[in-house]
Amino acid sequence: MRDTIASDHHRAVTKSLILAHLHRLHTIDSCEQVSPGDISGQYIPMGFDGVSFSREHGLFIDQHRCTPTPRRLSGIMGEGSDAYRYFPDTDLLLAARRGGYDPVLYDAYRDIFPPRHKRSAGLTADGGGSDGEEPARGYWYADLVVYHPGTLPNGEPFRSTGHWNLPGQLEAFETLAGRVLMIMGGYAEGGEPYLLYQACQPGHIVVMPFRGWHLTYVLDGPAVVFNVSTESAAESCSNPGRQASLAGKYRRAEPLAIAMQKLGESYRFVGADDALQEWGRPDPAPRAHWLNEHVRAGESLADFYLYGSAERLALFIDAAWTAYRTI
Ligand SMILES: [Fe+2]
């Protein structure tokens, strides 16, 4: 099992593929190259040397500054009923926005790596999606999000939008810097509601339950969170047919009306009356010991994505379906 102990040559080739990919996406701009002395940031374990992050300047790969997509409060609140989200004490947020308050809550670096073909031994130069295979099922995807520190006028720490994952979507997160708290909810196979929370520090990996809703809050920011996801086909699971039966249950588009507010140095979970009645308040998430057999000690999620064999990635999907059978 030596397949993530990648050679220096393999890592150098991988890095050059990633840099070419980020140039194509205009995520890095060669004009913004800075000297190493100007980057006094923290090393970020992204699968090869040369990735750093600083609070002042953001994310760098090999002295290239990466340009994120900023997400502001106005963007995640949306406008009108189509973009409905749950926020406690919405009046306080709307009043602040009328006064011009619209902070950047997080910076998104979508597709920070090229898509990883599920059957390939690593990244390929084609950038993904060119062989006619349905992209969502044939590939893994990787994003990186930086949550800024801050608290909204309604007491919520800066946060993500919150959304439901697709029924067969496997999504895993690794916190690389700072701390976040994730809330995960949904319905178990028998229809029972569940609601969990997990505080995450650097090196902590969370795998989302399939078809679940999730929301991320920053506890200590800036917090850097890397994530990988793929659409898993029913035939790749240990229990084919289950996915199809779940697809019919996936009907809810509205978010869970559950949130977290900061109270001095502590936090409390709040929600709309009907949501609290249905889901209650979140319980601590159980420890995912099964993960240790797949993403090993000392191996980052980025290492796993970039250098893990196709077989290991497939086993990971299978293990997630098994682990969440009862959720
Ligand atoms: Fe998601």
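Which residue in β11 is the bridge partner of Val 180? To answer this, it helps to keep in mind that the model is a predicted one, and to consider how far the prediction can be trusted before turning to the strand that carries Val 180. The mean pLDDT of the chain is 85, with 83% of its residues at 70 or more. Over residues 234-252, however, the pLDDT is below 50, although in the model this stretch makes 25 contacts beyond near neighbours in sequence.

The strand to follow is β10, which spans residues 169-187. Of its 19 residues, 16 are buried, and a residue counts as buried if 20 or more other C-beta atoms lie within 10 Å of its own, so β10 is largely enclosed by the rest of the structure.

The pairing of β10 can be taken one partner at a time. With strand β11, residues 193-200, β10 runs antiparallel and is joined by 8 bridges, and here the opening question finds its reply, since the bridge partner of Val 180 in β11 is Cys 200. These two strands form a hairpin with 5 residues between them, and in this hairpin Gly 191 adopts a positive phi near 95°.

Strand β12, residues 205-207, also pairs with β10 in the antiparallel sense, over 3 bridges, and in β12 it is Ile 205 that serves as the bridge partner of Glu 174. Strand β13, residues 213-231, is likewise antiparallel to β10, with 15 bridges between the two; there, Gln 169 has Glu 231 of β13 as its bridge partner.

How values were computed:
Residues are numbered from 1 along each chain as its sequence is written. This is a predicted model: local features need pLDDT of at least 70, side-chain atom pairs count only at pLDDT 80 or more; totals for chains, interfaces and linings use all residues. pLDDT is the predictor's confidence in each residue, from 0 to 100. Two residues are in contact if their C-beta atoms, placed from the backbone, lie within 7 Å. A residue is buried if 20 or more other C-beta atoms lie within 10 Å of its own, exposed if 12 or fewer, and partly exposed in between; C-beta atoms are placed from the backbone. Helices (H or I, at least four residues) and strands (E, at least two) are DSSP runs, numbered from the N terminus. Two strands pair if DSSP finds at least two bridges between them.
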